[in-house]
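Thanks for coming. I will go through one model, then stop.

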There are 2 protein chains.
Amino acid sequence: MTLISTPADVLLTPRRQRTRDRLLDAAYEVFAEQGVHASTVEEVCERAGFTRGAFYSNFTTKEELFAALMERQHSLQLAALALKVDRLRPRLEAVTGPIDEAGLGDLMLDFFTGPLDDRTWCLIDHEFRLMSLRDPEVAGAFAAHEEAFETSLLAIVGRALDLAGRRFVLPDGVAVRLLGDLYQDMLQRAIRAGRSLHEAPEARDTMVRLVLVLTRPVAAPDGGPARRTDLHPAATDVPVRADATC
Amino acid sequence: MTLISTPADVLLTPRRQRTRDRLLDAAYEVFAEQGVHASTVEEVCERAGFTRGAFYSNFTTKEELFAALMERQHSLQLAALALKVDRLRPRLEAVTGPIDEAGLGDLMLDFFTGPLDDRTWCLIDHEFRLMSLRDPEVAGAFAAHEEAFETSLLAIVGRALDLAGRRFVLPDGVAVRLLGDLYQDMLQRAIRAGRSLHEAPEARDTMVRLVLVLTRPVAAPDGGPARRTDLHPAATDVPVRADATC
DNA sequence: TGTATCCGATACATCAACGTATTCGATAGA
DNA sequence: TCTATCGAATACGTTGATGTATCGGATACA
């Protein structure tokens with residue numbers, strides 16, 4: 001499978017761009033519902049409101065469509081994560097109270113939650129992972145995105161932990177992976193059970209407990225007890241630590 | 001998809017049983033290589049040394065073949081795990097020295113390692129998980145096996161930990177899941193990198209570190225230090241860290 | 001308003017996998 | 001040894017997805 005992208009989505013007439021986008025939207029749904037292999041070009045086109053003619057004048061194969069789709073979704077995911085960081089920064093920097101564990105759990109779940117519907121994304125991502133186990137080229141694309149995502153994630157998780165006065169007791173990469181693995185695990189269980197992960201309050205608790213187990217309080221520079229920060233503005237006034245973890 | 005098994009593999013003439021087995025063996029390979037959907041009944045038969053006629057007189061659909069395959073593999077997996085328990089019991093009960101961390105890591109990796117080739121099994125299992133996210137019936141079969149496996153695993157891991165004088169700091173089910181998730185994660189990375197997980201020494205170390213983080217020493221009943229057991233009879237007497245967790 | 005170009009629709013030829021109906025051969029039992 | 005039955009092979013019809021070659025209409029520009 002070729003996962004090399006078309007040079008850019010630029011240089012396309014608006015009409016063409018719109019057609020491509022609608023095909024990608026449809027592919028996102030159809031691929032998630034039926035799996036890439038079981039999906040047919042015809043059904044994607046139908047869903048998008050086109051015939052196969054439109055498809056073949058925009059893509060050459062179903063695999064190329066899938067590659068374009070993954071690139072788009074990965075970009076969206078990274079953009080969404082960056083947006084979270086921006087939105088979170090003032091909140092993180094403003095608060096000074098003790099850490100609120102429920103808030104930390106929500107935060108962690110939020111970090112791993114994608115910009116789109118969880119279930120749909122999980123299905124597509126799972127299939128992408130599967131392909132990456134068979135095809136070295138896909139493995140490369142997978143690893144590239146995984147690394148980009150992990151880097152971004154590490155930055156924001158690190159900042160949150162820092163403000164919470166905690167530090168990972170395992171290498172950062174390993175710890176973040178474990179959190180991600182737990183998220184995936186819980187998400188898949190929820191999907192199998194036909195529920196949404198965010199309806200399950202125990203998911204947040206489990207996430208918090210893992211965060212606590214994977215971290216330890218950072219000793220304050222003056223030798224006193226570690227400072228604690230609240231992620232919820234309504235807390236007490238114990239000050240925030242200033243140094244960065246990770 | 002129907003995952004209800006044929007009542008039993010009993011009541012089959014030896015000839016029939018043999019062709020079924022050969023078809024299942026072939027399916028195991030072909031499905032892993034190409035994915036279930038991309039695989040064709042013809043190719044499975046070819047690989048097994050039969051024509052499609054043999055297939056259709058033993059199975060009705062490719063899905064039924066897959067269901068039978070998963071049942072067989074799950075049985076093998078559970079049997080292999082039980083065998084490990086039996087093999088390990090005398091070793092676990094005989095030793096009294098301090099726990100050897102490297103041995104613990106090997107043990108944990110061994111627990112999660114299936115009876116067959118890691119890579120092949122990982123591919124099949126991954127696809128089975130994917131199906132379980134779409135089809136409630138598959139989800140049921142998946143959950144059933146997962147529960148059986150987790151129960152067996154918990155028993156043996158619990159015993160090993162007990163002899164090591166340690167106890168999970170999270171609910172057992174969650175802790176075992178985390179270990180499994182980490183194993184899966186590392187295995188998939190190894191496959192993508194084209195290596196075997198067991199060539200990677202850091203995998204063992206990472207596993208040990210997670211075990212240590214997820215557990216704490218159990219205080220001995222008499223108030224003395226926790227009982228320490230060595231899983232390697234020939235190991236040294238270097239004591240174990242007692243303060244691994246948060 | 002006329003015309004050229006772009007892009008999606010249509011129609012068709014091809015192919016691969018499927019499932020069934022039937023045949024053929026081997027094996028077991030009389 | 002003969003025969004009946006079981007199980008795999010063979011052959012054929014059907015279906016559905018694919019890709020291409022061509023057509024038609026909308027849009028932009030003179």
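I will take the numbering and confidence, then the two DNA strands, then one helix, then the symmetry.

Residues are numbered from 1 along each chain as its sequence is written, and chains are lettered from A and ligands numbered from 1 in the order in which they are written. This is a predicted model, in which local features need pLDDT of at least 70, side-chain atom pairs count only at pLDDT 80 or more, and totals for chains, interfaces and linings use all residues, while side-chain values use heavy atoms and leave out hydrogens and water.

Confidence comes before anything else. pLDDT is the predictor's confidence in each residue, from 0 to 100. Chain A has a mean pLDDT of 85, with 83% of its residues at 70 or more. Helices here are DSSP runs of H or I with at least four residues, strands are runs of E with at least two, and both are numbered from the N terminus. Among the elements of chain A, the lowest mean pLDDT, 84, belongs to helix H5 (residues 101-112), and the highest, 98, to H2(A). Two stretches of chain A need a caveat. Residues 2-9 of chain A stay under 50, and the model gives them 15 contacts beyond four places in sequence, a contact being heavy atoms within 4.5 Å. Residues 223-246 of chain A are also below 50, with 75 contacts in the model beyond near neighbours in sequence.

Now DNA strand C. A residue is near a strand if one of its heavy atoms lies within 4 Å of it. Strand C is surrounded by 15 residues, the closest being A:Thr13, A:Thr19, A:Thr51, B:Arg52 and B:Tyr56. Of the strand C atoms that come within 4 Å of the protein, 72% are sugar and phosphate.

Which atom of strand C does the side chain of B:Arg52 approach? An N or O atom in that side chain is 2.4 Å from a base oxygen of DNA strand C. For polar contacts, I count pairs of N or O atoms within 3.5 Å; within protein, one must be able to donate a hydrogen and the other to accept it, and residues adjacent in sequence count only if both atoms are side-chain atoms. The side chain of A:Thr19 places an N or O atom 2.6 Å from a phosphate oxygen of strand C, and a polar side-chain atom of A:Ser57 is 3.2 Å from a phosphate oxygen of that strand. H1(A) supplies the largest share of the surface near strand C, three residues.

DNA strand D is next. It also has 15 surrounding residues, and A:Thr40, A:Arg52, A:Tyr56, B:Thr19 and B:Thr51 are the closest. Sugar or phosphate makes up 71% of the strand D atoms within 4 Å of the protein, and bases the rest. A polar backbone atom of A:Val41 is 3.3 Å from a phosphate oxygen of strand D. Two arginines approach sugar or linking oxygens of strand D: a polar side-chain atom of B:Arg15 at 3.3 Å, and one of B:Arg16 at 3.4 Å. For this strand, H1(B) gives the most to the surface, with three residues. The residues of that surface divide into four nonpolar, seven polar and four charged; nonpolar means Ala, Val, Leu, Ile, Met, Phe, Trp, Tyr, Cys and Pro, charged means Asp, Glu, Lys and Arg, and the others, Gly among them, are polar.

One helix is worth a length check. The expected span is 1.5 Å times one less than the number of residues. For H7 of chain B, residues 136-163, the 28 residues should span 40 Å, and the end C-alpha atoms are 40 Å apart, which agrees. At the start of H7(B), a side-chain oxygen of B:Asp135 comes within 2.8 Å of the backbone nitrogen of B:Glu137. After H7(B) comes B:Gly165, with a positive phi near 70°.

Last, the symmetry. A turn of 180° with a shift of 0.1 Å along the axis lays chain B on chain A with an RMSD of 0.1 Å, superposing by least squares on C-alpha atoms of residues with pLDDT of at least 70 in both. That is the relation of a two-fold axis. Both copies use the same surface, as 98% of the contact residues of chain B recur in chain A.
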